[in-house]
Amino acid sequence: MLSMALRVAQALSLHLVEPPFYVTPFEQEMRNRVWLGIGILDVAASLDRASEPMMQAIWIDSHPPSNINDEDIWFGMPGPIPQHPPGTFTDMTHSLVIASSTSVTRSLAFADFIEPKAVELMGQRQQAVHGFQQTAAFLLSGCRPDQSDFQWYAQKLAGVMSSWLQLACLRPLYKSKTFTPPKIHGDALLKLAADNLQTSQEAYSYPGAARWRWFGSLWVPWHALAVAIAELCVCKDPSIMSRYWSVVDEVYQRSRFIIADSQQGMLWKPMERLMAQARTRRKELQEQESASQAMSRFTFNDLATGFMPQQPQTIPQPAPPPHMLDMGTAIDPQTGLHMAAPPTSFANVPWPNVWEAMDFNDTTFVPPNDNAWLSYENFIENVYECADSIFLPR
């Protein structure tokens, strides 16, 4: 249906900045909105299936809609489209932020098979994300999230988009023989992915954003989930595993109901394999931690007198650390998962940033020996193998 919508739109010359026939200002504005909507759905469908989009970024960037309110235009209006002062938050601000995000997504997440503006050099990829952050910051400069739920939702989603674009920089969605992942110190990449999942979940579950929840359901966060799980597969610190496991597992459980083609699709089977590895690693860390705690129970006097327990003792497990963000106590009746509590603060927060943890000068770092990268790379390879297998006769 989406391909048919694209062909009909082209037949109507929606892809042209100036159609070969006369249109009124109102009609031109509505044509630009429809064309943008098709472009956003095109990216959403591509990400949903880990496939190439049909449209190029330049097709959409050439004539975006105006940053105006719906009441500013009407059928038969005589004059040009009115303009608001820069930074004014309007009914179209959120859509324009999304348009900027999808434009950068096309250059980062897809190969140059369809997108001539695709970039692979890390410096260029960072600059593309920085460009989105500048555009979003300008569009949202007049955003007042404490005054309306819609403005809160728009600001929250902008942060989700920004962090995800950084993940797309460091973990491409396609197989590439030329891409070399940079060294990332500590758990910075895991934190970025887990925070992205947490913020997305918070925006989706916030009661005030219920009217726009349908839009969030278009974007299944399988990529951020895969990045986080791949990092957990090689985690060596039990405290880090405990800190991030709850949000990753929660999003994993919810995603099984909304992933493309449910649990038989090309994305979910590789995700299950990756999650099985993470669970095995988590169990190993828990056993190591229990063994360490058991050894610490023996005092010097116990060892001096030769005391050794005859039977293994049950070691009480420590209470898990608090969740990264308070998800509240409400339970979603449909999924049985925690729902986000209403936020207590609407203060602006800085863009999430993983660049400071990157090190291009570490000569000891050899990408093939980076186990987290290998876990993610194997996941992507499994995705494409499953994509081939779904067309085989059963």
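These exercises work through the fold of one protein chain, shown here as a predicted model.

**Exercise 1.** Describe the protein chain as a whole: its helices and strands, its buried share and its contacts.

Solution. Start with the elements: the chain holds 13 helices and 2 strands. Next, take burial: of its 394 residues, 47% are buried. Then turn to contacts between residues at least 6 apart in sequence; 77% of these join residues at least 24 apart. Last, the accessible surface is about 20,600 Å², and carbon and sulfur atoms account for 57% of that area.

**Exercise 2.** Find out whether helix α9 is largely enclosed or not, and compare its span with the expected one.

Solution. Locate the helix first: α9 covers residues 222-233, which is 12 residues. From first C-alpha to last it reaches 16 Å, close to the 16 Å expected at 1.5 Å a residue. Now apply the cut-off: a residue is buried when its relative accessible area is under 20%. In α9, 12 of the 12 residues are buried, so the helix is largely enclosed by the rest of the structure. Among them are Trp222, His223, Glu231 and Cys233.

**Exercise 3.** Identify the residues that touch the most other members of the largest nonpolar core, then follow the contacts of Met271.

Solution. The core has 96 residues, and those touching the most other members are Trp164, Leu170, Ile229, Met271 and Phe379. Helix α6 (residues 149-170) gives the most to this core, with 13 residues. Leaving out residues up to four places away in sequence, Met271 touches Trp222, Leu225, Ala226, Ile229, Tyr252 and Phe379. Of these, Trp222, Leu225, Ala226 and Ile229 are buried residues of α9. A second, separate core has 5 residues, including Phe26 and Met77.

Note on methods. Residues numbered from 1 in each chain as written. Predicted model: local features only at pLDDT ≥ 70, side-chain atom pairs only at ≥ 80, totals over all residues. Heavy atoms only, no water. Helix = DSSP H or I, 4+ residues; strand = E, 2+ residues; numbered from the N terminus. Buried < 20%, exposed > 50% of the residue type's maximum accessible area, 1.4 Å probe, protein only. Contact = heavy atoms within 4.5 Å. Areas by Shrake-Rupley, 256 points an atom, 1.4 Å probe, with all protein chains shown as cover. Expected span 1.5 Å × (residues − 1). Core = buried A, V, L, I, M, F, W, Y, C linked by side-chain atoms within 4.5 Å.
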